[in-house]
Amino acid sequence: MIRMRFRMPSSFGFALLVLLAAPGFGAPPVPPRARNIIVLIADGCGSEQYTLARWWQGQPLCLDGILVGAVKTHIADSVVADSAPAATAYATGCRTGDKLIGISPGGKTLACVPAPAPEQTFAPLATVMEGARLLGKATGIVVTCRIPHATPAGYLAHVPHRDAYNDIMKQIVHQRLDVVFGGGKRYLLPKGIEDGERTDGENLLEFLRTTGGYQVVETREKLAELQSGRAFGVFASKDLEAEIDRAEFGPQQPSLAEMTGKAIELLAQDPDGFFLLVEASQVDWAGHANDPAHLLGDLCMYDASVRVALEFAQRNGETLLLALSDHNTGGMSIGNYATSDDSRYAQMSAAELLDPLRRMSCSAVALWRLLGEERTPDKVKDLVRSRWGMEASAAAVARILQLAPTLKSHPEYAIGQVLSPEHTCIGWTTRGHVGGDVPLFAFGPGRPSGLIDAPAVGVHCAQAMGLDLARLTARLFVDAEAAFGAGAVTVEPEAASGPVARIAVGGRVGELLLHTNLLKLDGATIPLEGLSVYIPSRRRLYVPQQAVELLQRNPGVALPSFRE
Ligand SMILES: [Zn+2]
């Protein structure tokens with residue numbers, strides 16, 4: 001473990017410290033404690049999208065009543081954020097680099113972001129969710145994407161790339177949350193079973209049901225029947241349907257608000273409180289697709305989910321609720337080049353804005369799926385007329401069919417990019433993310449306010465629970481070579497029976513199953529309080545301090561505190 005040494009400050013230094021700690025001199029005051037924390041993230045959403053949703057609903061959003069400030073979103077190595085480092089900042093209180101999940105940045109950072117010391121690059125960072133669990137709180141996540149997608153991964157996993165879905169899913173399974181609702185069943189199943197994607201042969205769905213002790217549910221009806229206990233809901237092989245498509249294409253899937261309500265109902269039974277993460281994952285995807293129909297369905301359902309959480313927080317009185325985005329996507333605007341003239345924009349009626357959107361009856365994803373393999377101009381034109389209520393010109397249809405094949409795994413992005421500017425008043429500046437501040441909404445004891453930095457969101461959540469994230473990291477992620485010596489540690493990241501690390505101490509060998517919390521020692525399999533994580537680029541193994549104590553035969557030693 002790392003012990004911090006403090007030199008007694010001189011009287012001048014002490015006076016300065018007191019001044020610096022006083023309100024208004026830099027460090028924000030420590031927030032009062034909250035028994036429960038609910039973080040709701042509308043992935044990829046800026047201020048303009050909320051305004052559009054308000055016009056669409058014809059009444060204030062639930063969010064409108066709890067607007068408190070804004071968040072600066074840049075990441076360690078880019079002015080514009082990706083969801084993986086953005087979620088990592090919210091979860092760990094540390095700003096990291098593009099695509100990284102729950103680990104420190106590498107050496108290359110923006111001038112305004114200090115680079116970590118060489119031995120700290122890509123080192124795992126403990127998350128508020130891991131801390132909440134060690135405090136005895138119930139923990140849960142609710143998402144509309146695959147469960148191992150970037151935002152939930154930022155709170156629960158430690159890997160060098162967000163696309164390592166199989167590794168991330170394994171880590172999430174072994175984080176032993178109380179409630180997990182979302183999609184991504186294929187990442188729980190081995191290849192050969194249904195459309196399983198796992199290459200390590202593991203059947204994690206079976207593990208959840210048996211060793212994990214979870215109630216596994218796969219439909220909206222079974223979700224509604226849950227009354228207590230641990231629950232793992234996988235409602236889609238990959239991602240859930242867009243909200244606008246759910247009734248037609250995924251009627252067995254629950255809505256985000258239904259999952260949020262059930263998660264709170266289950267988690268709130270824990271007398272120690274709970275930490276819940278809710279993500280409207282596809283607001284971001286709608287932005288990438290320049291698709292107002294997908295956006296409005298998912299964003300309004302997000303607002304309904306915030307209402308469910310807010311009503312609980314208001315009744316409960318000990319719940320801190322944060323609702324925010326990780327970045328903006330698509331650079332959406334109310335008004336576009338077609339409305340450039342003041343005879344258009346300065347005369348825009350609500351009907352002019354909303355009528356074209358009301359004629360759209362499915363997402364671009366569903367429209368492309370309905371198109372199938374036979375992508376003729378006539379079929380595109382007919383579908384756009386019947387499902388989006390637009391009379392697409394021959395030139396527009398040609399542009400869609402020309403653009404789509406260049407967009408690799410997302411050909412459907414072409415539909416919104418071409419048609420939205422021509423047939424709606426909505427503008428888009430990009431198919432990617434954009435770098436502006438995002439609105440911050442909050443309610444409850446010690447809610448933050450003003451313009452805050454993305455990592456401050458994680459620090460705020462930690463302080464509200466009485467958690468010291470640096471000490472938690474020191475307890476959960478010990479550099480194994482530093483603890484045991486280089487000769488004692490061997491790692492087989494590609495072992496056929498699953499990635500494993502072996503540590504030899506005093507004639508015994510402990511086997512740490514990577515991406516899990518399991519230690520095999522003296523013929524027993526011991527569940528540890530944290531995961532074993534291997535960082536290939538630095539060839540570094542990180543294990544919980546608890547594993548160090550067990551291997552060194554110090555099981556009676558009290559583990560260092562991670563509390564403030
Ligand atoms: Zn995105």
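This briefing describes selected features of one structure, grouped by topic.

The model is a predicted one. Among its features are a zinc ion held by residues that include His 288 and His 433, 6 aromatic pairs and 1 cavity of 30 Å³ or more. The points below take up the metal site, then ring contacts, the cavity, a helix that is mostly covered, backbone angles and some separations between residues.

**Zinc site**

- The donors to the zinc ion are Asp 284, which is listed twice through OD, together with NE2 of His 288 and NE2 of His 433, and the coordination distances run from 2.1 to 2.3 Å.
- The angles among the 4 donor atoms of the zinc ion range from 57 to 152°, and the site is irregular; a tetrahedral label for four donors would require all angles to lie between 85 and 135 degrees, so a set with this range falls outside that label.
- Along the chain, the donor residues of the zinc ion follow the spacing D-x3-H-x144-H.
- Because His 288 belongs to helix α11 (residues 282-288) while His 433 belongs to strand β12 (residues 433-434), this pair of histidines ties together parts that are 145 residues apart in sequence.
- His 288 counts as buried because its relative accessibility is 14%, and His 433, with a relative accessible area of 19%, is buried as well; the cut-off for this label is under 20%.

**Aromatic rings and charges over rings**

- The structure holds 6 aromatic pairs, and one of them is formed by Tyr 155 and Phe 275, whose rings are 6.2 Å apart centre to centre with 45° between the planes, an arrangement that counts as tilted.
- This pair links distant parts of the chain, since Tyr 155 is in helix α5 (residues 150-156) and Phe 275 is in strand β7 (residues 274-280), with their positions 120 residues apart in sequence.
- Both partners, Tyr 155 and Phe 275, are buried.
- Two arginines are placed over rings: Arg 230 lies over the face of Tyr 214, at 4.5 Å from the ring centre, and the charged end of Arg 358 sits over the ring of Trp 56, at 4.8 Å from its centre.

**Internal cavity**

- The count of cavities of 30 Å³ or more comes to 1, and the largest cavity holds about 80 Å³ of space.
- The lining of the largest cavity includes Thr 144, Leu 240, Glu 241, Ala 242, Glu 243 and Arg 246, and also Pro 254, Ser 255, Leu 256, Asp 298 and Met 301.

**Helix α19**

- Helix α19 (residues 454-465) is mostly covered, with 10 of its 12 residues buried; among them are Ala 454, Pro 455, Val 457, Gly 458, His 460 and Cys 461.
- Also buried in α19 are Ala 462, Gln 463, Ala 464 and Met 465, and just after this helix Gly 466 takes a positive phi of about 75°.

**Positive phi outside glycine**

- Most residues other than glycine have a negative phi.
- Arg 176 has a positive phi near 55°; Arg 176 is located in the loop between α6 and β4 (179-183), and its relative accessible area of 27% makes it partly exposed.
- Arg 553 likewise has a positive phi near 55°; Arg 553 is in the segment after α22 (545-551), and at 54% relative accessibility it counts as exposed.

**Buried residues and C-alpha separations**

- Met 169, located in helix α6 (residues 165-174), counts as buried at 0% relative accessibility, and its C-alpha atom is separated by 40 Å from that of Pro 356, which is 187 residues apart from it along the chain.
- Ala 150 is in helix α5 and counts as buried at 1% relative accessibility; Ala 150 and Asn 328 are 178 residues apart in sequence and 15 Å apart in space, C-alpha to C-alpha.
- Asn 336 lies in the loop between β10 (333-334) and α13 (342-345) and is buried at 11% relative accessibility, while the C-alpha atoms of Asn 336 and Ser 361, 25 residues apart along the chain, are separated by 22 Å.

How values were computed
Residues numbered from 1 in each chain as written. Predicted model: local features only at pLDDT ≥ 70, side-chain atom pairs only at ≥ 80, totals over all residues. Heavy atoms only, no water. Phe/Tyr/Trp six-rings, centres within 6.5 Å; stacked < 30°, edge-to-face > 60°. Helix = DSSP H or I, 4+ residues; strand = E, 2+ residues; numbered from the N terminus. Buried < 20%, exposed > 50% of the residue type's maximum accessible area, 1.4 Å probe, protein only. Lys NZ or Arg CZ within 6 Å of the ring centre and 35° of its normal. Donors = N, O, S within 2.8 Å, 3.2 Å for Na, K, Ca; no water. Tetrahedral: all angles 85-135°; square planar, octahedral: opposite > 155°, others 65-115°. 1 Å grid on protein atoms, 1.4 Å probe; cavity = no way out; pocket = protein on both sides within 12 Å on 5 of 7 lines; lining within 4 Å. Points joined across faces, edges and corners; volume = space filled by probe spheres on them.
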